[in-house]
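Here are a few notes to help you find your way around this one. Have a look at the structure first, then read the points in order.

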Amino acid sequence: LTLNKSDGVSDNSHELLGYFLLLGAAWAYACLFICLRALNLNKVNILLGPYYLGVGTLCQTLILAVFFPEMLHFASYDLVNIIYLSLIGAGGVCGQASMILANKYAMASKMAPISYLENVFTLLADILVFQFVFAVTDVLGMAVIVL
C-alpha cells in the first residue's frame, strides 16, 4: 500500500501529528512485545503469531478503508501484487511465530543483535535481486544504526 501523495509535493502541515503517531506506535509495539513475553514465560502459544498478524492486519485495513480510503490503491493491484502481499503475510506469520518461540528459550537482550540479521538479508536481496544501488547517505545511516 502506498500513500496517495503527488511526486515532489512536500506537505509539512501535519509533521507534528506524524511524530505523535510514531510515538504512539512505538508505545503500542512495546506493550505488544511485553504481553507476548508475559504469555511465553510459562508456555509457548504458537497461535499468537497468526492471531496477532491476522487480526492486526484486518483491523488496520478496515480502519484505513473507512477513514482514509484515499490512501489505498486497491484498483491498481494485479496478480503479481496479490502474490507479493500473500508472501508478505506468510513471511510475517512465520517470522512472528519464530520470534515467539525464540523469546521462550532465550533472553531478548541477547537476541536483539542477532535479530538485526533481517536487515542484512534485506540489503542482500535489494542488491542481488532488485539491483538496488545505495546512496552514500544510505550507507552512512546504516553504519550509524549499527554502531
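1. A word on terms before anything else: helices and strands here are DSSP runs, with at least four residues for a helix and at least two for a strand, numbered from the N terminus. With that in hand, the chain reads α-α-α-α-α-α along its sequence. That comes to six helices and zero strands. Keep in mind that you're looking at a predicted model.

2. How much of the chain is buried? Of the 147 residues, 7% are buried. The cut-off for that label is under 20% relative accessible area.

3. Next, have a look at the second largest pocket, which holds about 360 Å³ of space. Its lining takes in 16 residues, and those nearest the centre are Met99, Asn103, Met111, Ala112 and Ser115. Helix 1 (15-39), helix 3 (79-105), helix 4 (108-115) and helix 5 (117-128) are the elements that each give two or more residues to this lining. As for its chemistry, the lining of the second largest pocket has 11 nonpolar residues, three polar ones and two charged ones.

4. Now for the outside. There's a nonpolar surface patch of about 1000 Å², and its members are Ile114, Leu117, Val120, Phe121, Leu124, Ile127, Leu128, Val129, Phe130 and Phe132. Which element gives the most to this patch? That would be helix 5, with six residues.

5. Two leucines of helix 5 are worth comparing. Leu128 belongs to helix 5 and is one of the patch residues. Leu128 counts as exposed because its relative accessibility is 62%, and the cut-off for exposed is over 50%. Leu123 also sits in helix 5, but its relative accessible area is 27%, so Leu123 is partly exposed.

6. Stay with Leu123 for a moment. Where does the chain go after it? Phe134 comes 11 residues away along the chain from Leu123, and the C-alpha atoms of the two are separated by 9.5 Å.

7. Last, a backbone detail to check by eye. Gln131 lies in the loop between helix 5 and helix 6 (136-146). Its phi is near 50°, a positive value in a residue other than glycine. Most residues other than glycine have a negative phi. Is Gln131 buried or exposed? Gln131 counts as exposed, because its relative accessibility is 56%.

Note on methods:
Residues are numbered from 1 along each chain as its sequence is written. This is a predicted model: local features need pLDDT of at least 70, side-chain atom pairs count only at pLDDT 80 or more; totals for chains, interfaces and linings use all residues. Side-chain values use heavy atoms; hydrogens and water are left out. On a 1 Å grid over the protein atoms alone, a cavity is a set of points where a 1.4 Å probe fits but cannot get out, and a pocket is an open set with protein on both sides within 12 Å along at least five of seven lines; lining residues have an atom within 4 Å of a point. Grid points are joined across faces, edges and corners, and a volume is the space filled by probe spheres set on the points. Ala, Val, Leu, Ile, Met, Phe, Trp, Tyr, Cys and Pro count as nonpolar, Asp, Glu, Lys and Arg as charged, and the others, Gly among them, as polar. Patches are made of residues with over 30% relative accessible area and no salt bridge: like charges are joined within 9 Å, nonpolar side chains (Val, Leu, Ile, Met, Phe, Trp, Tyr) within 5 Å. Accessible areas come from the Shrake-Rupley method with a 1.4 Å probe; for residues, only the protein chains shown count as cover. A salt bridge is a side-chain nitrogen of Lys or Arg within 4 Å of a carboxyl oxygen of Asp or Glu. Buried means under 20% relative accessible area, exposed over 50%, partly exposed in between (1.4 Å probe, protein chains only).
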